[in-house]
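Here's a quick tour of one protein model, covering a pocket and a helix pair. Have a look at the structure first, then read on.

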Amino acid sequence: LDTSRIFSDNNLTTDKALNSVSSVAAANPSKVYVLVGLNDLNYGTRSGENVAERIGSIVESLKEAIPSVKVYVVSLLPITQSFEAKAIDEANSTLAARATEYGMTFIDIADAFKDESGYLNTDVSTGGYNLNHNYYPFFLNNISGASN
């Protein structure tokens, strides 16, 4: 990926992402992939449904700024049991249910990373929520397969 076309932040929240819509729109992309919300849940300031609604606002703002854009929202990934955050599954199920309403394609890849108990497989993570670098190709292949 061309790194000049990637917006990222180590502590990205839905607030920061919403404030960056104009920067994304300036690049005039034909497709935008959105993966945000885990930090909102980890900080404990928002419910899963509220995070999903905020992601919906990001999508609506993107579509308003770039009417022809195709927006893909990638599910929040699970976390390990030892780093349990609240409401990830709630956010993902709300996003899946409201995809049409928000005018987006929801890409649910969370299950591909879960262990038998429904948490992030500890083999794929360091720290309980970030993927090991060798799993990024698997991550990107799951997104690519769902967005073709």
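## Who lines the pocket?

Which helix gives the largest share of the lining of the largest pocket? That would be helix 7, with five residues. Bear in mind that this is a predicted model.

Helix 7 covers 136-146, and other elements chip in as well: helix 2 (21-26), strand 1 (31-34), helix 3 (38-42), helix 4 (48-65) and strand 5 (130-131) each supply at least two lining residues.

## Space and chemistry

The largest pocket holds about 1900 Å³ of space. It has 47 lining residues, and I6, F7, S8, Y33 and L35 sit closest to the centre.

As for the chemistry of that lining, you get 28 nonpolar residues, 15 polar ones and four charged ones.

## Helix 4 meets helix 5

Helix 4, one of the pocket's contributors, also pairs up with helix 5 (residues 88-97). Their axes come within 7 Å and cross at roughly 45°, which means helix 4 is oblique to helix 5. The crossing of the two is right-handed.

On the helix 4 side, G48, E49, A52 and I55 make the contact, while helix 5 brings E90, A91, T94 and L95. Sorted by class, the contact of helix 4 with helix 5 has four nonpolar, two polar and two charged residues.

Key
Residues are numbered from 1 along each chain as its sequence is written. This is a predicted model: local features need pLDDT of at least 70, side-chain atom pairs count only at pLDDT 80 or more; totals for chains, interfaces and linings use all residues. Side-chain values use heavy atoms; hydrogens and water are left out. On a 1 Å grid over the protein atoms alone, a cavity is a set of points where a 1.4 Å probe fits but cannot get out, and a pocket is an open set with protein on both sides within 12 Å along at least five of seven lines; lining residues have an atom within 4 Å of a point. Grid points are joined across faces, edges and corners, and a volume is the space filled by probe spheres set on the points. Helices (H or I, at least four residues) and strands (E, at least two) are DSSP runs, numbered from the N terminus. Ala, Val, Leu, Ile, Met, Phe, Trp, Tyr, Cys and Pro count as nonpolar, Asp, Glu, Lys and Arg as charged, and the others, Gly among them, as polar. Axes are lines fitted to C-alpha atoms, for helices over the stretch in contact, and angles run from 0 to 180 degrees between N-to-C directions. Angles under 35 degrees count as roughly parallel, over 145 as roughly antiparallel, 65 to 115 as roughly perpendicular and the rest as oblique. A crossing is left-handed if the near helix is turned anticlockwise from the far one by less than a right angle, and right-handed if clockwise. Contact means heavy atoms within 4.5 Å.
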